[in-house]
Every structure is written in structure tokens, then in C-alpha cells.
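Here are my notes on how the two chains meet and on the helix packing around that region. Please read them with the structure open.

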Amino acid sequence: MPDLGSYSVYVLSAYGVSFVLLALIIFTSLRRSAKTLAELSDIEARRDAAREAAKNG
Amino acid sequence: MSIWEYANPVRFMRTSAVLLPWVSVGAALCLSVGLIWGFFFTPDDYRQGSTVKIIYLHVPSAMMAINIWAMMLVTSLIWVIRRHHVSVLAAKAAAPIGAIMTMIALATGAIWGQPMWGTWWEWDPRLTAFLILFLFYLGYIALWAALENPDTAADLTSIVCLVGSVFAVISRYAINFWNQGLHQGASLSLDAEENVSDVFWQPLVLCIVGFILLFVALLLVRTRTEIRARRLMALKLRERTA
């Protein structure tokens, strides 16, 4: 750890705030992506099953 | 091959799936090396002391905040002129990333300003324009959330984007326009006297590249999600009406 002197609180809090905000946007983007993909796969599977059932009479 | 081919969602999904892992790895590498280099292996500045290390977050995030809005302006104009859905969905996907970049720039600037200027905030032209740009980001996101019809939302948010561009330009060039306020000039300049010293410049450039790649990676993820969400909405509607 470098010696940040009397400004250590300022430097560390700037890094802390930035990392939290970056983590927040990465996490929310990935979570929404996974959720949407799961929902889409689900509805497409249902649609394919319905089509198959209709084809088989 | 034309750039308009990427307006086709299928083509966009295929190309972005190939690009995404490479861009993500590039972002992680550049950010890790740039931030570790800047934080651990650069000296203190003779005037700013160790607070100079905040530059590796503040400068790239501020640059991204302005340039993301510029990207949103271009993609919104493409929507208005050519009605390409992928284009406006990319603008929608970029807005929360831009808002976060603006928040980082404002927060790190305030934290740096307290020990250096003796104040967290000053109603300086550049800072004020930046705060207004942040409010435009919030307004843009809120408008998308408030309107149910996606095409109406796309039209109205494109207008917001056009108006907000004035503040994006002001926040970049306020110093040149008014030549007053606390905020100093650009840290990166072709003028050797104005440019930040070499010892800080190299890790700073790496951090800027890292922030750009991180933005591209997040933009690809979020635009892919928006395209899927649009398809999901259409399938749900079809299921309900069947």
C-alpha cells in the first residue's frame, strides 16, 4: 500500500465510491440480461411445444 | 458490407456475441493494469500530493460521460432519420452507463475538490453544466420508463437527447467559452506544457482505454438485453392474443 499521507481518506473514498458504482452497473446489467434470456427461452420453449402439439394433431 | 447491416437485430446479435468476450477481457486487463500502475507505482504530485491518483478515475469517467451522450445523440438521430430500432435501443442501453460515469466524475471531482480547492462544490460553469448533464441522463432514463409505447418513447427521448447535447458540449468546452471558474483545463492535451506529466500520462491512457472498452462491453450486453426484451414483449403479446 503506498503512503497516501494526509489525503488517504480522500483518495481511498474516491476509489471506493467509483468501484461501488462500477460494480453496480456491471451487476445490474448482467442480472437483467440473465433474467431476460431465461424468460425468453421459457416462452420460446412453450411456443415450440404448442406448435409441435398442433402439428401432431 | 455496409454499417446499416448491423441495424438487423439478428446480424447485431451474431456479431456482438463474437465481440463481447474479447472486449470484456480487454476492459478487465486495461483497467486492472492501469489502475494498479497508477495507484501503486506513480509518485505523488508536487502540488496535489497523493490526490493526483484520483485522476485515473475522474478523467476517464468524465470523458465517458460526455462521449456516451454524444454516442446517444448519433444513435438517436439515426432513429429519427432512418427508424432503425437497434440504433435507438443502443441509445437506451447506453444511458444508465452514462449516468453512472457522470456520477463517478461528479463524486471523484468533489472528493478531490475538498482538499485542493477547499470546497466540495462550486457553481463553476463546467461543474454546473456537468450536473445538468447528469439530470438529463436521469430525465432520459425516466422518460423511457414512463412511456408504454416504445416508438413514442424512442421519439421523445431522441428529442431530450438533442436538447441535452447542448450541456454535454458546454461541460466539455465551458473553460474555452467563459475562461472562468475553478476547474482547470484538459489533463490530456497536444500542448506539451498543458499535458499531464509523462509519469501520470501512461497509466492514465491505459485507464481511458479500459473505461472505453468497459463501456463497449456493457453497451453490447445491455443492447442485446434490450433486443431480447423487445422480442419477449412481442411473443407475450402474441401468446395473449392467440
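1. In this predicted model, the interface brings 39 residues of chain B into contact with 32 residues of chain A. The area buried between chain B and chain A is about 3200 Å². Carbon and sulfur atoms give 74% of that area.

2. Charged side chains also pair across the boundary: the rule finds four salt bridges between chain B and chain A. A salt bridge joins E239(B) to R46(A), with an N to O distance of 3.0 Å.

3. One helix pair to look at across the chains is α1 of chain A (residues 8-55) with α6 of chain B (residues 198-241). Their axes come within 9 Å and cross at roughly 30°. Angles under 35 degrees count as roughly parallel, and α1(A) and α6(B) are therefore roughly parallel to each other. The crossing of α1(A) with α6(B) is left-handed. Sorted by class, the residues of this contact are 14 nonpolar, five polar and eleven charged.

4. Within chain B, α6(B) also packs against helix α1 (residues 9-41) of chain B. Here the axes are 7 Å apart and the angle is about 150°. Because angles over 145 degrees count as roughly antiparallel, α1(B) is roughly antiparallel to α6(B). α1(B) and α6(B) make a left-handed crossing. The contact of α1(B) with α6(B) comprises 25 nonpolar, eight polar and two charged residues.

5. What should be checked first in the figure? I would label α6(B), with α1(A) as its partner across the chains and α1(B) as its partner within chain B.

Methods. Residues are numbered from 1 along each chain as its sequence is written. Chains are lettered from A and ligands numbered from 1 in the order in which they are written. This is a predicted model: local features need pLDDT of at least 70, side-chain atom pairs count only at pLDDT 80 or more; totals for chains, interfaces and linings use all residues. Side-chain values use heavy atoms; hydrogens and water are left out. Axes are lines fitted to C-alpha atoms, for helices over the stretch in contact, and angles run from 0 to 180 degrees between N-to-C directions. Helices (H or I, at least four residues) and strands (E, at least two) are DSSP runs, numbered from the N terminus. Angles under 35 degrees count as roughly parallel, over 145 as roughly antiparallel, 65 to 115 as roughly perpendicular and the rest as oblique. A crossing is left-handed if the near helix is turned anticlockwise from the far one by less than a right angle, and right-handed if clockwise. Ala, Val, Leu, Ile, Met, Phe, Trp, Tyr, Cys and Pro count as nonpolar, Asp, Glu, Lys and Arg as charged, and the others, Gly among them, as polar. Contact means heavy atoms within 4.5 Å. Buried area is the accessible area (1.4 Å probe) that two parts lose on being put together, summed over both.
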